[in-house]
Amino acid sequence: MAKEIAYLWEHQARMDYRAGRRAGEPLGSGAVEATCRQAQCRFKRPGQFWSTAGDEALLCLETFWRNDRWSLLFPTPPSTLQEIEMRPCLNARL
């Protein structure tokens, strides 16, 4: 119980939901949970095994893609077919 109380005291400023609502900040975790689900779908396909370095590299690439910064890495846009092949799980309806 002491551990939980200490946590709440330490993070009290982050739990001011009224101020967050006034600032227009999202209060739910739905967006984060959906993003985690999509990333898990990409990393946990049948028969895939990733090293830590491979996980981090793929997550970095996925982050560039999701933030519309892919062109910083690859200035030539992929064709529509290549795009679909690269992201089959993320294009699927979850």
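**Entry 1: elements and confidence**

I take a helix to be a DSSP run of H or I covering at least four residues, and I number helices from the N terminus. The model I have open is a predicted one, and I began by asking how many helices and strands the protein has. I found seven helices and zero strands, so that, by the DSSP runs used here, the pattern read along the sequence is α-α-α-α-α-α-α.

Before looking at side chains I checked the confidence, and the protein averages a pLDDT of 79, with 81% of the residues scoring at least 70. I then asked which of the elements has the lowest mean pLDDT and which the highest. Helix 7, residues 88–91, has the lowest at 50, whereas helix 1, residues 2–10, has the highest at 93. I keep in mind that predicted coordinates should not be read in detail where pLDDT is low, and I have left helix 7 (residues 88–91) out of my closer reading.

**Entry 2: burial, contacts and surface**

I looked up the share of buried residues and noted 13% of the 94 residues in the protein. For contacts between residues at least 6 apart in sequence, I noted that 32% join residues at least 24 apart. The protein exposes about 8100 Å², and carbon and sulfur atoms supply 58% of that area.

**Entry 3: cysteines**

I searched for disulfides, each of which would be a covalent bond between the sulfur atoms of two cysteines, and the structure holds zero of them. I also looked up the accessibility of two cysteines: C36 counts as partly exposed because its relative accessibility is 42%, and C60 counts as partly exposed at 39%.

**Entry 4: the aromatic cluster**

I next listed the aromatic pairs, and the count comes to two. W65 and W70 form an edge-to-face pair, with 5.1 Å centre to centre and 80° between the planes. W70 and F74 form a tilted pair, with 5.0 Å centre to centre and 35° between the planes. Taken together, W65, W70 and F74 form one aromatic cluster.

Are the members of this cluster buried or exposed, starting with W65 and W70? Both W65 and W70 are buried, and for W70 I noted a relative accessible area of 15%, which is under the 20% cut-off and therefore counts as buried. F74, by contrast, is partly exposed, because its relative accessible area is 40% and the partly exposed class lies between 20% and 50%.

**Entry 5: D68 in its loop**

I wanted to know where D68 is placed, and I found it in the loop between helix 4 (52–66) and helix 5 (70–73). Phi of D68 is near 55°, a positive value in a residue other than glycine. D68 has a relative accessibility of 71%, and because that is over 50% it counts as exposed.

**Entry 6: the salt bridge in helix 4**

Side chains of opposite charge can pair when their charged atoms come close, so I searched the whole structure for salt bridges and found one. The side chains that meet in it are those of R66 and E62, at 3.2 Å from N to O. I then asked why R66 and E62 are separated by about one helical turn, and the reason is that they stand four residues apart in helix 4.

I closed by looking up the accessibility of both partners. R66 is partly exposed, with a relative accessible area of 32%, while E62, with a relative accessible area of 12%, falls under the 20% cut-off and so is buried.

Technical notes: Residues are numbered from 1 along each chain as its sequence is written. Side-chain values use heavy atoms; hydrogens and water are left out. Helices (H or I, at least four residues) and strands (E, at least two) are DSSP runs, numbered from the N terminus. Buried means under 20% relative accessible area, exposed over 50%, partly exposed in between (1.4 Å probe, protein chains only). Contact means heavy atoms within 4.5 Å. Accessible areas come from the Shrake-Rupley method with a 1.4 Å probe; for residues, only the protein chains shown count as cover. pLDDT is the predictor's confidence in each residue, from 0 to 100. A disulfide is a pair of cysteine sulfur atoms within 2.5 Å. Rings of Phe, Tyr and Trp (its six-membered ring) pair if their centres lie within 6.5 Å; planes under 30 degrees apart count as stacked, over 60 as edge-to-face and the rest as tilted. A salt bridge is a side-chain nitrogen of Lys or Arg within 4 Å of a carboxyl oxygen of Asp or Glu.
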